[in-house]
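Subject: The model we talked about

Hi there,

Here is the structure I promised to pass on. Please have it open while you read the rest of this message.

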Amino acid sequence: MRLPNDRASARVTRYVLLLAGLVIAATLTGFPARVLNSYEVNQRVLVLEQRLAARQAENEALQQELARRRTESYIRTVAKERLGLVEPGEELVLLPLEGGRTVAALEKTSVPVKDLPVTETPYDAEWGYFLEWITLLRRAFA
């Protein structure tokens, strides 16, 4: 009976180990690049998700502002403030301020005067005293 040749066995083991090392090296060579690429992609996804969340929050705030501005009470308030419109039964009273400027104040309105922001418009500044005079005349002859 012949004993196995230790040299032949060692040679086969050496080739098997060399082949296994080459396969492992080829696998590992691409692995770090894939890991780095995956990390970069994940970071980019996180940044984009944060931007998306910020834009969604901004969109929600704008939707709420739009809904508020579409309410009847807001439209009435703006019409009264900016255009000087009054509802039936209301009277427009112009109060003089410093420097001859005037601010419109509404009486008998459904919206409390304290809730209305007081703003001066060019209309009030130029026509305030004239409209105040007309109002006084209307009251005198009514």
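Below is what I found in it, going from the whole chain down to individual side chains.

First, please keep in mind that this is a predicted model. The mean pLDDT of the chain is 75, with 72% of the residues reaching 70 or more. Confidence varies between the elements: helix 1 has the highest mean pLDDT, 87, while strand 2 (residues 102–107) has the lowest, 46. Over residues 101–111 the pLDDT is below 50, although in the model this stretch has 44 contacts beyond near neighbours in sequence.

**Overall layout**

The chain contains three helices and two strands, arranged along the sequence as α-α-β-β-α. Of its 142 residues, 15% count as buried. About 12000 Å² of the chain is exposed, and carbon and sulfur atoms supply 62% of that area. If you look at contacts between residues at least 6 apart in sequence, 34% of them join residues at least 24 apart.

**Helix 1**

Helix 1 covers residues 6–69, and F31 lies in it. Together with I24, L28 and V35, F31 makes a nonpolar surface patch of about 370 Å². How accessible is F31 itself? F31 has a relative accessibility of 44%, so it counts as partly exposed.

Helix 1 also holds the pair R69 and E65, four residues apart, about one turn of the helix. Residues three or four places apart in an α-helix point the same way, because there are 3.6 residues a turn. R69 and E65 form a salt bridge, with their closest N and O atoms 2.6 Å apart. R69 is partly exposed at 44% relative accessibility, and E65 is partly exposed too, at 27%.

**Helix 2 and what follows it**

Helix 2 takes in residues 72–83, and here the length can be checked: its 12 residues, at 1.5 Å each, should span 16 Å, and the end C-alpha atoms are indeed 16 Å apart. Y74, T77, V78, A79, K80 and E81 are buried in this helix. After helix 2 comes G84, which has a positive phi, near 70 degrees.

Within helix 2, R76 and E72 sit four residues apart, about one turn of the helix, and their side chains form a salt bridge at 2.3 Å, N to O. E72 is exposed, with a relative accessible area of 51%, whereas R76 is partly exposed, at 31%.

R76 has another partner: E87 forms a salt bridge with R76, the closest N and O atoms being 2.4 Å apart. What does this pair tie together? E87 is in the loop between helix 2 and strand 1 (91–96) and R76 is in helix 2, so the salt bridge links parts that are 11 residues apart in sequence. E87 counts as partly exposed, with 23% relative accessibility.

These contacts belong to a wider arrangement, as E72, R76, K80, E87 and E90 are linked in a network of salt bridges. The total count of salt bridges is six.

If you want a place to start, try the network around R76, and then the patch that includes F31.

Happy viewing, and all the best

Notes: Residues are numbered from 1 along each chain as its sequence is written. This is a predicted model: local features need pLDDT of at least 70, side-chain atom pairs count only at pLDDT 80 or more; totals for chains, interfaces and linings use all residues. Side-chain values use heavy atoms; hydrogens and water are left out. Patches are made of residues with over 30% relative accessible area and no salt bridge: like charges are joined within 9 Å, nonpolar side chains (Val, Leu, Ile, Met, Phe, Trp, Tyr) within 5 Å. Accessible areas come from the Shrake-Rupley method with a 1.4 Å probe; for residues, only the protein chains shown count as cover. A salt bridge is a side-chain nitrogen of Lys or Arg within 4 Å of a carboxyl oxygen of Asp or Glu. Buried means under 20% relative accessible area, exposed over 50%, partly exposed in between (1.4 Å probe, protein chains only). The expected span of a helix is 1.5 Å times one less than its number of residues. pLDDT is the predictor's confidence in each residue, from 0 to 100. Contact means heavy atoms within 4.5 Å.
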